[in-house]
Amino acid sequence: MSDSDTTRVYVNIHSQDQWYQIIREANQWFGRGNWRGQKHIRRKFLRSTTPMTVWFEVPDAKFASYLQLKYASNSPEI
């Protein structure tokens, strides 16, 4: 997968669970190894509880739009 074939999408997440949920969805859509995500997010959430912006590189612009819409008005789960 070359960089020209991918779309980088930025999403705001509030928990480690949301991070893993996005990973599961990307694996369902594209399979393992056909997309990339920002490294060391789990470690960052272990040190901090503040929301963070993370990126994913996916081969389908439709999935990138789906992620942006799904997490656009995302608020922390209470």
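Let's start with Lys39: its relative accessibility is 62%, so Lys39 counts as exposed. Keep in mind that you're looking at a predicted model. The chain has 78 residues, and 35% of them count as buried. Below is a quick tour, starting with the layout and then moving on to a loop, a pocket and some aromatic rings.

**The overall layout**
- Count up the elements and you get three helices and three strands.
- Walking along from the N terminus, you meet them in the order β-α-β-α-β-α.
- How confident is the predictor? The mean pLDDT of the chain is 84, with 87% of the residues at 70 or more.
- Confidence is highest in strand β2 (residues 36–37), with a mean of 92, and lowest in helix α2 (residues 41–47), where the mean is 85.

**The loop between β2 and α2**
- Lys39, our exposed starting point, belongs to the loop between β2 and α2.
- Lys39 and Trp55 are 16 residues apart along the chain, and their C-alpha atoms are separated by 9.3 Å.
- His40 is found in the loop between β2 and α2 too.
- Is His40 buried or exposed? Neither one fully: its relative accessibility is 46%, and since the cut-offs are under 20% for buried and over 50% for exposed, His40 counts as partly exposed.
- His40 also has a backbone quirk, with a phi near 65 degrees, which is a positive value in a residue other than glycine.
- Why point that out? Most residues other than glycine have a negative phi.

**The largest pocket**
- The largest pocket holds about 210 Å³ of space.
- Both Lys39 and His40 help line the largest pocket, and other lining residues include Trp19, Ile23, Asn27, Trp35 and Ile41.
- Which element gives the most to this lining? That's α1, with three residues.
- α1 and β2 each supply at least two residues of the lining.
- Sorted by class, the lining has five polar, four nonpolar and three charged residues.

**Aromatic rings that pair up**
- How many aromatic pairs are there? The count comes to seven.
- One of them is Trp29 with Phe63, a tilted pair with 4.6 Å from centre to centre and 50 degrees between the planes.
- Trp29 sits in helix α1 (residues 16–30) and Phe63 in helix α3 (residues 61–72), so this pair ties together parts that are 34 residues apart in sequence.
- The two partners sit in quite different surroundings: Trp29 is partly exposed, at a relative accessible area of 46%, whereas Phe63 is buried, at 0%.
- Phe63 pairs with Phe30 as well, and this pair is edge-to-face, with 5.1 Å between the centres and 90 degrees between the planes.
- That second pair also links distant parts of the chain, with Phe30 in helix α1 and Phe63 in helix α3, 33 residues apart.
- Phe30 and Phe63 are both buried.
- Put Trp29, Phe30 and Phe63 together with Tyr66, and you have one aromatic cluster.

**A charge over a ring**
- Remember Trp55, whose C-alpha atom is 9.3 Å from that of Lys39? The ring of Trp55 has company: the charged end of Arg8 sits over this ring, 3.9 Å from its centre.

Notes: Residues are numbered from 1 along each chain as its sequence is written. This is a predicted model: local features need pLDDT of at least 70, side-chain atom pairs count only at pLDDT 80 or more; totals for chains, interfaces and linings use all residues. Side-chain values use heavy atoms; hydrogens and water are left out. Rings of Phe, Tyr and Trp (its six-membered ring) pair if their centres lie within 6.5 Å; planes under 30 degrees apart count as stacked, over 60 as edge-to-face and the rest as tilted. Helices (H or I, at least four residues) and strands (E, at least two) are DSSP runs, numbered from the N terminus. Buried means under 20% relative accessible area, exposed over 50%, partly exposed in between (1.4 Å probe, protein chains only). A charge sits over a ring if NZ of Lys or CZ of Arg is within 6 Å of the ring centre and within 35 degrees of the ring normal. pLDDT is the predictor's confidence in each residue, from 0 to 100. On a 1 Å grid over the protein atoms alone, a cavity is a set of points where a 1.4 Å probe fits but cannot get out, and a pocket is an open set with protein on both sides within 12 Å along at least five of seven lines; lining residues have an atom within 4 Å of a point. Grid points are joined across faces, edges and corners, and a volume is the space filled by probe spheres set on the points. Ala, Val, Leu, Ile, Met, Phe, Trp, Tyr, Cys and Pro count as nonpolar, Asp, Glu, Lys and Arg as charged, and the others, Gly among them, as polar.
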